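Please look over the chain shown here before reading the briefing that accompanies it. The notes are grouped by topic.

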Amino acid sequence: MAKRDYYEVLGVPKDASERDIAKAYRRLAVKYHPDSNPGDENASRYFKEAAEAYEILSDPEKRARYDRFGHAGVEGHSSQFSSAEDIFAAFGDFFGGSIFGDLFGDQGANGRKRRRGNDIRVDVSLTLEEAARGVTKEIKFSRSVHCETCHGSGSRPGSQPQRCSQCNGRGRIVQSAGILSVQTTCPVCRGAGMRITDPCTDCRGQGFRKKDVTLSVDFPAGIDEGMRVRLSGEGEPGLDGGPNGDLYCFISVKRHRIFTRDGNHLIVELPITYTQAVLGACIEVPSLDGPKSLDIPRGTQSGEVFRLHGLGIRDPQAGRTGDLVVQVVIETPKKISPEQERLLRELAELEKTEVHPERKNFLERIRDYFTVSSDNE
Ligand SMILES: [Zn+2]
Ligand SMILES: [Zn+2]
């Protein structure tokens with residue numbers, strides 16, 4: 001396939017300025033970035049084509065050769081990028097760490113790159129009651145703050161950072177080995193283009209120090225395990241005028257000794273006696289708002305479920321409240337009094353003649369099972 005003209009690829013005229021070339025490349029790189037075009041092979045091809053064109057046209061020497069001799073003049077001088085990772089390894093600095101950054105907004109006042117601060121993660125453990133009702137908590141964590149001595153510059157007061165002599169302030173260097181030439185981040189200034197020659201003694205040239213921070217954070221009612229609360233701008237400070245990162249509170253909810261949570265419903269397992277199950281009863285059920293009464297009918301089975309509407313947990317988004325789901329379990333007493341024993345034995349005598357329908361059904365099923373099995377033999 002014939003190679004397209006590099007100026008045509010970037011959509012710029014032959015006399016385009018370096019700035020226009022960079023601007024055109026950034027626009028194409030954002031448009032055809034593989035992250036925004038998953039699985040699109042055409043986009044991936046355009047993305048590589050644009051990177052190759054930019055690599056040649058952004059270098060005055062290669063550009064001059066290309067202008068005179070066309071593709072033949074720069075044969076073997078482009079990096080032949082095979083993946084998006086290669087492209088970012090070569091031009092990563094150009095994007096200021098983020099391809100969606102603003103090309104002309106990424107230079108700070110002192111010529112260093114503006115960078116957004118990192119996000120901070122804090123793990124917060126809540127009780128079920130706190131999660132259900134909502135709570136305000138003091139969150140403690142450690143965060144970098146600008147050094148007051150050097151105002152975050154990293155240079156001893158009165159001194160200035162110097163232009164990096166290794167890369168002449170560009171932040172990138174071109175390494176050539178035979179016909180290959182690769183652009184990498186300058187190892188001396190790590191891409192900043194400036195070097196601190198006389199570091200601030202309080203922060204050892206870092207420009208910031210760690211400080212313990214306490215913040216009061218509101219956790220809304222209904223918040224659940226695995227959710228996150230984001231506090232915009234409360235993360236690490238940005239570098240050279242960049243925006244601050246965010247603070248993320250990752251929520252976990254402690255196990256409760258009575259309730260289990262299922263979405264917005266609360267589940268409670270409640271023991272009842274045999275007589276309550278047989279005769280029916282009004283029983284007391286625990287809820288987050290204190291005890292509630294529940295009528296269970298005569299003939300309640302073990303494992304049967306009753307719902308108390310609106311006594312669950314409020315959904316933080318939809319505003320609806322779930323149910324309290326009560327599962328009753330018939331408890332067999334381990335110890336009984338002589339009087340209870342006498343009555344139960346009396347009951348047992350009666351049951352010999354009186355077979356309950358459910359039980360009768362069960363006995364019939366067993367009989368059928370054995371009959372069928374023996375028929376097959
Ligand atoms: Zn300092
Ligand atoms: Zn440098």
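What follows covers the overall makeup, the nonpolar cores and one sheet.

This is a predicted model. The secondary structure of the chain comes to 9 helices and 15 strands, and of its 377 residues 21% count as buried.

**Contacts across the chain**
- Among contacts in the chain with a separation of 6 or more, 60% are between residues that lie 24 or more positions apart.

**Nonpolar cores**
- The largest nonpolar core has 17 residues, and those that touch the most other members are Tyr6, Leu10, Tyr25, Ala50, Ala53, Tyr54 and Leu57.
- Two or more residues of this core are given by each of helix 1 (6-10), helix 2 (18-31) and helix 3 (41-57), with helix 3 supplying the largest share, 7 residues.
- When residues up to four places away in sequence are not counted, Ala50 touches Val9, Leu10, Tyr25, Leu28, Ala29 and Tyr32.
- A second, separate core consists of 16 residues, including Ala131, Ile283, Ile296 and Val326.

**An open sheet of 4 strands**
- The strands of this open sheet follow the order 10-11-15-14, and their pairing is mixed.
- Strand 10 (259-262) and strand 14 (305-308) are the edge strands, each of which pairs on one side only.
- On average, and with direction ignored, neighbouring strands of the sheet are turned by 30 degrees against each other.
- Strand 11 (residues 265-272) and strand 15 (residues 324-330) run parallel and are joined by 7 bridges; Ile272 has Ile330 in strand 15 as its bridge partner.

Terms used: Residues are numbered from 1 along each chain as its sequence is written. Chains are lettered from A and ligands numbered from 1 in the order in which they are written. This is a predicted model: local features need pLDDT of at least 70, side-chain atom pairs count only at pLDDT 80 or more; totals for chains, interfaces and linings use all residues. A nonpolar core is a set of buried Ala, Val, Leu, Ile, Met, Phe, Trp, Tyr and Cys residues joined through C-beta atoms within 7 Å. A residue is buried if 20 or more other C-beta atoms lie within 10 Å of its own, exposed if 12 or fewer, and partly exposed in between; C-beta atoms are placed from the backbone. Two residues are in contact if their C-beta atoms, placed from the backbone, lie within 7 Å. Two strands pair if DSSP finds at least two bridges between them. Axes are lines fitted to C-alpha atoms, for helices over the stretch in contact, and angles run from 0 to 180 degrees between N-to-C directions.
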